[in-house]
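How do helices pack against each other in this model, and which residues make the contacts? The paragraphs below take up two helix pairs in turn.

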Amino acid sequence: MHRRDFLAMGLSAACAWPLSGWPASISLDKRCRLRDLGLTIGDLPTGPLNALTDVSGVRVGHVTLIRGEGPLVVGKGPVRTGVTAILPHGGVLSKEGVYAGTFVLNGNGELTGLGPIRSSGLLSAPVLFTNTSSVGSVYDGAIQWMLERDPSIFEGMSIEPVVGETWGDFLNDTAGRHVRSLHSYQALTEAKTGLIREGCVGGGTAMRAFEFKAGIGTSSRVIDCNGVRYTLGALVQSNFGRRSQFRVDGVPVGREIPKLLPKSGDYKKNKSMLMVIATDAPLIPVQLQRLCKRVAMGLARTGAISTHGSGDLFLAFSTAQKLGSASQNQIEILSDRWISHFHKAVVESTEESILNSLTMAETMKGRDNNVIHALPLDRLVRVMRDYGRL
């Protein structure tokens, strides 16, 4: 039986062909990000990595668990899961929190730690994404990681890790709870700046979108405010949508690629989405909450409708100012004169993050030999060309 337990960190794969002179039929050796296909979402410029980590200081780490094949044996596998960890900066978060806001578009899911954020306006703990049934163990590992850096975290106001989940049971042994506290501890310890691995990694390992394989995706935008440049980045764990809904830059791609639906099992259960927005602009909690609400508009641009069974849960934070619970420093606030530019950046980066989670994910077989197919990039290119987007 094939077995792999590994820490998934590293570079995004690149396309196997140039961006000009498209042949009639394209054969891909590797998965690609959307822009590697020659497709652009919106008109704002991206940061140098087109990733959440374009926001200076933000760190991301993945632990990916892939183990076993064949029929499900609860507690043994097959295992298709993991953890994705996000840190707003490399300091001690419990002593140097950042302003944050949240928004729940549809609440059939879990994102812990929202109470303290809504009460104080501060994010003073890590953010982690995983699969359903693993929230407790991920939370426990995060607490251990935090205590080692600040043993006094329980002496003042409540500080809780933010842990979100989406449902990956079609491929994964959910009831087996294979994510342990050591995995979230490891993801936090290994979190780094720089390039972010996308697709079937970390918390997104078992996930799908529009009945194609998906997972983790990221993107960024740069906003010019009268000569002052700010960066906004997004990272998504995609797990939602029906094939017929799927759109890319307004093109009904899902209707043009109706086949390659997941094989076997009940793959239509509970669709969800987790999103983190980061910016280096000096925004306060009410402004950050407004950014969270615009995530829903980027989600809608891909065709999703936020169904009754969805857990569509969003968080935004600003790295511009670090504040302790007893801080008395004066704060800076960006004028709302510029806030619509940030709304646009959220919408564009959300849409592109979701699409990157699809174009980077690979076909995966999991429990009971269930299969979720990757979005065929050659067919995507043909559809987009037929609609005049290439």
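**Two oblique helix pairs**

Helices α5 and α6 are oblique to each other, because an angle counts as oblique when it is not under 35 degrees (roughly parallel), over 145 (roughly antiparallel) or 65 to 115 (roughly perpendicular). This is a predicted model, in which local features need pLDDT of at least 70 and side-chain atom pairs count only at pLDDT 80 or more, whereas totals for chains, interfaces and linings use all residues. Residues are numbered from 1 along each chain as its sequence is written, and side-chain values use heavy atoms, with hydrogens and water left out.

Helix α5 spans residues 285–301 and helix α6 residues 339–359, and the two pack at an angle of about 45° with their axes 8 Å apart; the axes are lines fitted to C-alpha atoms over the stretch in contact, and angles run from 0 to 180 degrees between N-to-C directions. Their crossing is right-handed. Among the residues in contact (heavy atoms within 4.5 Å) are Leu291, Val295 and Leu299 of α5, and Phe342, Val346 and Ile354 of α6. The residues of this contact divide into 9 nonpolar, 4 polar and 4 charged.

The second pair joins helix α2 (residues 135–149) to helix α3 (residues 181–189), which pack at an angle of about 50° with their axes 7 Å apart, and α2 is therefore oblique to α3. Here too the crossing is right-handed. From α2, residues including Val138, Ala142 and Trp145 meet residues of α3 that include Ser184, Tyr185 and Leu188, and the contact divides into 5 nonpolar, 6 polar and 3 charged residues.

Terms used. Helix = DSSP H or I, 4+ residues; strand = E, 2+ residues; numbered from the N terminus. Left-handed = near helix turned anticlockwise from the far one by under 90°. Nonpolar A, V, L, I, M, F, W, Y, C, P; charged D, E, K, R; others polar.
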